[in-house]
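Visitor: I've got a model open and would like to learn how to read its features. Could we start with the charged side chains?

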Amino acid sequence: MLASSKKKFIVDVKRALRLGALLIFIASFCCYSVMLAEFAKFSESPRPSNGETLQQPFLKGTGGSDNFRIPAMVTLDDGRIITAADARWNHLQDSSGLDTIVSVSQDNGKTWRYTFANYFGDNGNVRNDGSTCFIDPALATDGTTAYMIVDVNPSGYATSSSTYTPLKGKTGFDDQNRLLLREKDSVKLDFGSLSYGLACHLAPYDYYLDYLDDTKSKYGIFVRESGERVEGYEVDLFFNVYYSEGGEKMTSNLFYFTSPFQVYPAPYLYLTSTTDGINWSAPTLLNLKSNDEESLLVGPGNGVYDEKNDRLVFTAYYHNWNQPEYASLIWRDGDGVWHRSENITTKGWSSESSAVLLDDGRLRVFYRGSEEVLCYTDMVFDETRGNYFRDPNASEIKTSATKTANCQLSALLYKQTYGGKQWIFVSAPTGTSRKRIDGVVHGFTLEEDGSMTYIASRPVKEGSFAYSCLTELNDGHLAILYEGEAGEILFEKINVTWFWDKFNEKQEG
């Protein structure tokens, strides 16, 4: 009797489990079908109009966005302050419909004028898993022109919080530095399906983008095998593609899933420039990622200009899923050709970094890593080999200044001297256990032998504080642009005499 009851009980349990699994499958399938239907919808919104704000460049609601992240900032020789950030609209994720907003001040931060320097209007100004993504701006200037690099991702792709993630194996360019393309119909799966991302990775990229003539005013699409142009398609300098379908004029973008020709699914480094902060050039895509890397991403915040060598330098880092990240320098001289250095670190991992140019030509690179103190590596340019390499005597150096582990930071070499010394300032959160709180600006004096002496840390904000960016204003003030509460970016000026007072106290002590 007991054995029979036990047997029946086991049978009933198995049936219930099978039924439960079936119900879960049906529910999941239905939900997925609804999600796919929503995911595959496509609409396009117009670029938001330019506007103005007071005191702060990115007040909540600026340009229609409720959330901003990833501050970048530079000062031009004429005193103009140019700031940039991700407009994350109605969410704070690292994907799915982000755009680059820029705000400019000509009166030291009293008033600001904003524009959307990078904007794709696919699926409206809301989070959508089927949208493109501009993310992580970095700014540098030669004094008259500002240069900005961001990461741009095709529809549905990003390195985190996205439907599809990049894979290793391809760069997205051919050996002549031309952007590769595939026909939309080369992938038979619907956009939004589970295997769509892998199918795009494995698809043949049998076409490339090239200028139509020496004016370089528009692109055409060409067949790789023959070099013949594909008739009926024109592409402007912002990758918008124009064609006809069934007698109707159509427009899309090579980064959209609706485009008849599409880019390889990976993040691209997207370079633009401006002289006024409002009007931006057509973009250039930088081909610096290797085949064995899933993504090469810019280090957001600020870059460096080396006037002596007419050299523009940014930091970057590669990202492979579930593997350590490593930062490097990306740079170009006046010839316009871009290069990439060896990794900044070898012992520990490094990612988002910030560099300052020392008088002897070294680049001191402070980097995001696992340490709870500021660390740096000096990168030295080798004229014989034509690239930057780690200084073996100044690689992965630890300072005494604290910082939050695993968070971006910003470094600045101050133009003026005080006490007969040059100064380096670094902004960062200082919370322990990776808590992004309690932001400060650390002040160091730069000694004749290249070492740094820690002077003091000026508090900026207690509580929530994450990414930041420093610049020196023409009146001698420091300015900091930083993330405060969730979705909030704030601009603040700092009087450097606070540090001079701390320096004098140490000298007297």
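Guide: Sure, start with Asp360, Arg362, Arg364 and Asp378, which are linked in a network of salt bridges. A salt bridge here is a side-chain nitrogen of Lys or Arg within 4 Å of a carboxyl oxygen of Asp or Glu. Keep in mind that this is a predicted model: local features need pLDDT of at least 70, side-chain atom pairs count only at pLDDT 80 or more, and totals for chains, interfaces and linings use all residues. Residues are numbered from 1 along each chain as its sequence is written, and side-chain values use heavy atoms, with hydrogens and water left out.

Visitor: How many salt bridges does the structure hold?

Guide: There are 19 salt bridges in the structure. One of them joins Glu371 to Lys398, with the closest N and O atoms 3.3 Å apart. Glu371 sits in the loop between strand 24 (363-367) and strand 25 (373-382), while Lys398 belongs to strand 27 (residues 397-402), so the pair ties together parts that are 27 residues apart in sequence. Strands (E, at least two residues) and helices (H or I, at least four) are DSSP runs, numbered from the N terminus.

Visitor: Is Lys398 buried or exposed?

Guide: Exposed, because its relative accessibility is 53%. The cut-offs are under 20% relative accessible area for buried, over 50% for exposed, and partly exposed in between (1.4 Å probe, protein chains only). Its partner Glu371 has 30%, so Glu371 is partly exposed.

Visitor: Which residue forms a salt bridge with Asp94?

Guide: That would be Arg88, and the closest N and O atoms are 2.7 Å apart. Arg88 is buried, at 0% relative accessible area, whereas Asp94 is partly exposed at 29%. Now try Asp382 and Arg385, another salt bridge, with a closest N and O separation of 3.1 Å. Here Asp382 is partly exposed at 23% and Arg385 is exposed at 55%.

Visitor: Which residues form the negative surface patch?

Guide: Glu183, Asp185, Asp206 and Glu225 do. For a charge patch, you take residues with over 30% relative accessible area and no salt bridge, and join like charges within 9 Å. Asp and Glu count as negative, Lys and Arg as positive, and His and the chain ends are not counted. The place of a charge is NZ of Lys, CZ of Arg, CG of Asp or CD of Glu. Within this patch, Glu183 lies in strand 8 (residues 180-183) and is partly exposed, with a relative accessible area of 37%.

Visitor: How many disulfides does a search of the whole structure find?

Guide: In general, a disulfide is a covalent bond between the sulfur atoms of two cysteines. The search looks for a pair of cysteine sulfur atoms within 2.5 Å, and across the whole structure it finds zero. For Cys133, the nearest cysteine sulfur is that of Cys200, 17 Å away. Cys133 is buried at 0%. Cys469 is in no disulfide either, with the sulfur of Cys407 nearest at 13 Å.

Visitor: What about the backbone: which phi does Trp89 have?

Guide: A positive one of about 55 degrees, although Trp89 is not a glycine. Trp89 is in strand 3 (residues 81-89) and is buried, at 1% relative accessible area. Ser433 also has a positive phi of about 55 degrees without being a glycine. Look for Ser433 in the loop between strand 29 (422-429) and strand 30, where Ser433 counts as exposed at 58%.

Methods: Patches are made of residues with over 30% relative accessible area and no salt bridge: like charges are joined within 9 Å, nonpolar side chains (Val, Leu, Ile, Met, Phe, Trp, Tyr) within 5 Å. Accessible areas come from the Shrake-Rupley method with a 1.4 Å probe; for residues, only the protein chains shown count as cover.
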